[in-house]
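Please walk through this protein with its sequence and structure side by side. The path starts at the surface, goes into the interior and ends with the charged pairs.

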Amino acid sequence: MPTKTSTPSSQSPKLSHLRPQYIPNHIPDSSYVRILDTTLRDGEQSPGATMTAKEKLDIARQLVKLGVDIIQPGFPSASNSDFMAVKMIAQEVGNAVDDDGYVPVIAGFCRCVEKDISTAWEAVKYAKRPRLCTSIATSPIHMEHKLRKSKDQVIQIARDMVKFARSLGCNDIQFGAEDATRSDREFLYEILGVVIEAGATTVNIADTVGIVMPLELGKLIVDIKDNTPGIANVIISTHCHNDLGLATANTIEGARTGARQLEVTINGIGERAGNASLEEVVMALASKGDHALNGLYTRINTRHILETSKMVEEYSGMHLQPHKPLVGANAFVHASGIHQDGMLKHKGTYETISPEEIGHKRTTRIGIVLGKLSGSQALRKRLEELGYDLKEDEVDSVFWQFKAMAEKKKVTCGTIGLSTATVKLVNIDGSTHVACSIGIGAVDSTYKAINLIVKEPTKLLDYSLNSVTEGIGVNVTARVVICRENNHTSTYAFTEDANYPTFSGIAAEMDVVVSTVKAYLVALNKLLRWKESFRCA
Ligand code: MN
């Protein structure tokens with residue numbers, strides 16, 4: 001066991017905590033928790049979050065800066081472009097060994113189907129540490145209605161497919177029990193015992209529908225440890241969804257009770273209500289690992305969290321609510337007068353994690369924001385910073401004028417009726433294109449002008465605006481989701497349903513039309529890049 005420092009605040013990575021040597025089925029330090037990031041697989045299953053291979057590669061490089069132990073970059077048999085993305089990441093990111101010997105495991109997702117497994121292997125085998133994550137549902141409702149297989153058949157398939165993965169030369173095999181939290185206990189012990197005997201090195205307990213309570217998940221992990229043959233020789237993993245807002249709590253409880261791999265996504269994006277978020281899970285362990293969790297720790301370099309979050313927000317188009325823990329715009333902003341007064345006297349009054357630790361820079365946005373709830377001390381401080389040294393009664397008088405102004409609402413008006421727009425776009429080769437068009441309102445006419453230049457038939461599926469006050473200005477964030485008009489489809493491997501790839505873009509500007517146009521161009525560029533990669537693949 002490495003020695004522990006006793007710093008009360010979260011300091012990560014701790015120098016005394018070295019990353020233990022990577023062995024698929026064993027962690028030499030029992031307090032170490034592996035982080036598997038599935039932003040590029042489960043996260044991409046968020047509606048509108050389709051990413052291009054190039055975007056996935058950028059995010060994978062960023063995940064390396066964070067130091068995640070395992071990257072799950074996709075589902076290779078789901079589409080040709082996902083296969084290419086996973087292969088590219090395995091070849092590049094999966095071979096970039098740093099001075100400390102760290103290189104992420106690259107894990108391909110696959111069903112318990114031979115073709116899926118061999119396709120996933122073809123994509124990940126180039127990595128220094130390739131892993132296959134094969135998964136099958138184990139709950140009665142899934143086995144009966146989705147798989148239409150008996151318990152014995154499911155056990156047989158699981159055993160055969162883990163052996164098949166082994167036979168390809170893979171020695172790092174994760175078996176996932178889909179819908180494990182609604183599975184029959186005895187059946188779960190049996191199937192996990194069978195796959196461990198067949199060669200699985202990690203077993204993943206998925207709360208696929210996000211229905212478990214923290215206490216229940218903890219009990220499940222303990223029961224699995226007590227009753228599954230061979231479980232001491234493998235790593236237990238959790239995969240929690242956020243349908244009840246409990247994904248982080250469940251994940252932490254899983255770690256407390258014995259899971260040593262946690263599956264998470266950046267910003268918590270993922271199917272439906274999303275997955276457990278990397279930043280919340282990692283910072284919970286960093287803040288409380290020593291005090292409340294028997295010294296559990298990760299080797300995530302937390303200072304890269306914010307930039308990773310921003311990159312995923314931009315590429316996925318999944319906009320963060322301002323009060324998202326740790327990475328939301330307001331996560332470290334103190335607005336009430338009482339809180340601001342406390343913060344000015346001692347940061348520890350209202351701040352338990354310092355924003356710098358996850359990569360925030362302390363500016364006006366991170367710290368104190370002046371608004372209608374601010375007190376006079378915060379205003380005085382800001383005036384001092386601006387070089388005004390006012391007397392007490394002067395501060396008072398300015399303060400009441402300031403409050404009156406802060407209470408006024410800001411209004412943005414749209415144009416109704418016919419509107420014309422002229423748009424000039426610059427191509428990456430430097431050539432410029434100009435078009436003008438008439439439409440109903442400024443946004444419509446501008447989009448039509450862009451379409452005249454780009455000539456890509458698209459359909460606007462979703463469009464939204466929201467404004468965040470920053471200082472005295474208002475930033476308008478536009479989000480658009482588009483798809484191709486002529487319905488180029490691929491197929492979801494699980495359901496065989498047609499899959500219409502959608503692309504989203506977000507942009508924030510002071511001007512509503514400018515942010516709307518920029519958001520549209522982001523989405524349009526993604527669509528064009530995706531089309532390009534599809535053609536190459
Ligand atoms: Mn999932």
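Where is the place of Ile211? Ile211 sits in the loop between S6 and H7. Helices (H or I, at least four residues) and strands (E, at least two) are DSSP runs, numbered from the N terminus.

The model is predicted, so local features need pLDDT of at least 70, side-chain atom pairs count only at pLDDT 80 or more, and totals for chains, interfaces and linings use all residues. Residues are numbered from 1 along each chain as its sequence is written, and side-chain values use heavy atoms, with hydrogens and water left out.

Ile211 counts as partly exposed, because its relative accessibility is 44%. The classes are buried (under 20% relative accessible area), exposed (over 50%) and partly exposed (in between), with a 1.4 Å probe and protein chains only. Ile211 joins Met213 and Leu244 in a nonpolar patch on the surface. Together the three have about 260 Å² of accessible area. Patches take residues with over 30% relative accessible area and no salt bridge; like charges are joined within 9 Å, nonpolar side chains (Val, Leu, Ile, Met, Phe, Trp, Tyr) within 5 Å. Accessible areas come from the Shrake-Rupley method with a 1.4 Å probe; for residues, only the protein chains shown count as cover.

Now the whole protein. It has 15 helices and 17 strands. Of its 537 residues, 52% are buried. The accessible surface comes to about 24600 Å², and carbon and sulfur atoms account for 54% of that. Among contacts (heavy atoms within 4.5 Å) with a separation of 6 or more, 68% join residues 24 or more positions apart.

Helix H7 follows the loop of Ile211. H7 covers residues 214-227, 14 residues in total. From first C-alpha to last it reaches 20 Å, close to the 20 Å expected at 1.5 Å a residue. That expected span is 1.5 Å times one less than the number of residues. Which residues of H7 are buried? They are Leu217, Gly218, Leu220, Ile221, Asp223 and Ile224. An α-helix has 3.6 residues a turn, so residues three or four places apart point the same way. The buried residues of H7 pack against two helices, H6 (185-198) and H8 (247-257), and two strands, S6 (202-207) and S7 (235-240).

Stay with H8 for a moment. Thr251 is found there. This threonine is buried, because its relative accessible area is 0%. Beyond its neighbours within four places in sequence, Thr251 is in contact with Thr238, Cys240, Leu262, Ala276 and Val281. Ala276 is 25 residues away along the chain, yet the two C-alpha atoms are separated by 7.0 Å.

Next, the interior. A nonpolar core is a set of buried Ala, Val, Leu, Ile, Met, Phe, Trp, Tyr and Cys residues joined through side-chain atoms within 4.5 Å. The largest one holds 90 residues, and Leu132 and Phe175 touch the most other members. H6 gives the most to this core, with nine residues. A second, separate core has 19 residues, including Val423, Ala507, Ala519 and Tyr520.

Ala507 also touches Ser515. Ser515 lies in helix H15 (residues 512-536). It is buried, because its relative accessible area is 0%. Its other contacts, leaving aside neighbours within four places in sequence, are Val476, Ala478, Ala508 and Glu509.

Last, the charges. How many salt bridges does a search of the whole structure find? It finds 28, each a side-chain nitrogen of Lys or Arg within 4 Å of a carboxyl oxygen of Asp or Glu. In one of them, Arg131 pairs with Asp172, the closest N and O atoms being 2.9 Å apart. Arg131 lies in strand S4 (residues 130-137) and Asp172 in the loop between helix H5 (151-167) and strand S5 (173-178), so the pair ties together parts 41 residues apart in sequence. Arg131 counts as buried at 0% relative accessibility, and Asp172 counts as buried at 1%.

Asp179 and Arg182 meet at 3.0 Å, N to O. Asp179 is buried, at 0%, whereas Arg182 is partly exposed, at 36%.

Lys531 bridges to Glu456, with the closest N and O atoms 2.8 Å apart. Lys531 is in helix H15, and Glu456 is in the loop between helix H14 (441-454) and strand S13 (458-470), 75 residues apart. Finally, Lys54, Asp58, Arg61 and Glu92 are linked in a network of salt bridges.
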